[in-house]
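Student: I should like a close look at a single part of this model, followed outward to whatever it adjoins. Please give one connected account.

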Amino acid sequence: MSNILSVIVIFCVLAVMVGSLLLLIWCQKDKMGKEEGESMGHTFDGIEEINNPLPKWWSYMFVLTIVFGVGYLALYPGMGNFAGLLNWTSANKQVVNLEQSREQAEAARAEGATARVQYDREVAAADDHFGPIFQAFAARSIEDLAQDDEAKKIGQRLFLQNCSQCHGSDAKGSRGFPDLTDGGWLYGGDPQTIKTTILNGRRGMMPPKGGLPITDEEIPALAEYVLSLSGRDHDANQLAAGQAAFMKGCFACHGMDGKGNPLLGAPNLTDDAWVYGGSRGYIIESITNGRAGVMPAWKDLLGEDKVHLITAYVYSLSADSTGSAEAAE
């Protein structure tokens, strides 16, 4: 934080602590003009108010709390930019990339319980404890893990922590993010391909109009032809013009039959599964403006062992939706 903000924080903290102490001292003084134990002259519902001092145990605890606060703020951060005499921090604020994060985790593992950064220490301890468990699962095939309830539970937790933000907690995706349960795959749904996708990420791109000499006037007809490929309601009068536009080069990625190409990540246009929406308007929008999708790589962040379990979980979802693992491929 800035120096000005740090000064404001320090002032507020000290003001509260000093003010609390002064308030306690003020409350200890008799200002009522009555001797201790005398009646204050007030009665309510048969209860008479007596001039009694604050309970000593309460006053002592109040003082001890202030003393504890002074000691805590001297040892740990809490006074603006002052890091505390122990130089402890909950997170390493100097880390700006994954490589530095790994270096700090290794340093924390070497330092053990004396590591100053709490987060690094906890990550190192978690890796030491759970690492062998993940390694044991990684030694088994994805197909085998996809049938193991315990493995799927762990894979689901990892999925919810890292993948659900885009694909949803039920893995059914949303517009712009693929449904992982419908058995339709852009790059292939066999176990190893799914794992490769998660490990290395994917970058899909369809240029506006496919980068082809398709005119704006041809786009509505082309959209009708695309609708017809998946058996959707369409304008039959525009099919011939739409197919002619498709044959200008759309087939190079999507295939002559529109069934797509996993090598390119080109979608199957015949299965009625749409990443960016399958309505007439969305299809026209996709053709006109193109699409650019990025699936980030998780290899460096999660490691191959954890990705192995996520793959088994995702593979099991697709296999369940089609009734067999082979159908998901």
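Tutor: The account below begins at helix α8 and the residue that follows it, and then moves to other parts of the chain. The model is a predicted one.

Helix α8 spans residues 191-200, and seven of its 10 residues are buried, so the helix is largely enclosed by the rest of the structure. The buried residues of α8 are Pro191, Thr193, Ile194, Lys195, Thr197, Ile198 and Leu199. Lysine and threonine side chains thus appear in this list beside isoleucine and leucine.

Just after α8 comes Gly201, with a positive phi of about 75 degrees. Gly201 lies in the loop that joins α8 to β3 (202-206). With a relative accessibility of 12%, Gly201 counts as buried, because the cut-off for that class is under 20%. Leaving aside residues up to four places away in sequence, Gly201 touches Thr196, Met295, Pro296 and Ala297. Of these, Met295 is 94 residues away along the chain, yet the C-alpha atoms of Gly201 and Met295 are separated by 4.9 Å.

Met295 leads to strand β4, which covers residues 291-295 and also holds Arg291. Arg291 counts as buried, at 16% relative accessibility. Its side chain makes two polar contacts with other side chains: Arg291 meets Glu285 at 3.3 Å and Ser286 at 2.8 Å. Not counting residues up to four places away in sequence, Arg291 touches Arg175, Gly204, Met205, Met206, Tyr276, Tyr282, Glu285 and Ser286. Gly204, Met205 and Met206, which are among these neighbours, fall within β3 (202-206).

On the other side of α8 in sequence is the loop between α7 (164-167) and α8, where Ala171 is found. Phi of Ala171 is near 65 degrees, a positive value in a residue other than glycine. Most residues other than glycine have a negative phi. Ala171 counts as buried, at 0% relative accessibility.

A positive phi in a residue that is not a glycine is found again at Asp45, where the value is about 55 degrees. Asp45 lies in the loop between β1 and β2. Strand β1 (residues 39-44) pairs with strand β2 (residues 47-50) in the antiparallel sense, over three bridges. The hairpin has two residues between the strands, and Phe44 stands opposite Ile47 in β2. Whereas Ala171 is buried, Asp45 is exposed, with a relative accessible area of 71%.

A further part concerns two helices. Two packed helices are described by the angle between their axes and the distance between the axes. Helix α3 (residues 98-111) packs against α4 at an angle of about 80 degrees, with the axes 8 Å apart. The two helices are therefore roughly perpendicular to each other, a class that takes in angles of 65 to 115 degrees. From α3, the contact is made by Gln104, Ala105, Ala108 and Arg109; from α4, by Asp120, Arg121, Val123, Ala124, Asp127 and Asp128. By class, this contact has four nonpolar, one polar and five charged residues. Glu122 also has its place in α4 (residues 118-138). Glu122 is partly exposed, with a relative accessible area of 46%. Between Glu122 and Gly112, 10 residues apart in sequence, the C-alpha to C-alpha distance is 9.8 Å.

Key: Residues are numbered from 1 along each chain as its sequence is written. This is a predicted model: local features need pLDDT of at least 70, side-chain atom pairs count only at pLDDT 80 or more; totals for chains, interfaces and linings use all residues. Side-chain values use heavy atoms; hydrogens and water are left out. Two strands pair if DSSP finds at least two bridges between them. Helices (H or I, at least four residues) and strands (E, at least two) are DSSP runs, numbered from the N terminus. Buried means under 20% relative accessible area, exposed over 50%, partly exposed in between (1.4 Å probe, protein chains only). A polar contact is a pair of N or O atoms within 3.5 Å; within protein, one must be able to donate a hydrogen and the other to accept it, and residues adjacent in sequence count only if both atoms are side-chain atoms. Contact means heavy atoms within 4.5 Å. Axes are lines fitted to C-alpha atoms, for helices over the stretch in contact, and angles run from 0 to 180 degrees between N-to-C directions. Angles under 35 degrees count as roughly parallel, over 145 as roughly antiparallel, 65 to 115 as roughly perpendicular and the rest as oblique. Ala, Val, Leu, Ile, Met, Phe, Trp, Tyr, Cys and Pro count as nonpolar, Asp, Glu, Lys and Arg as charged, and the others, Gly among them, as polar.
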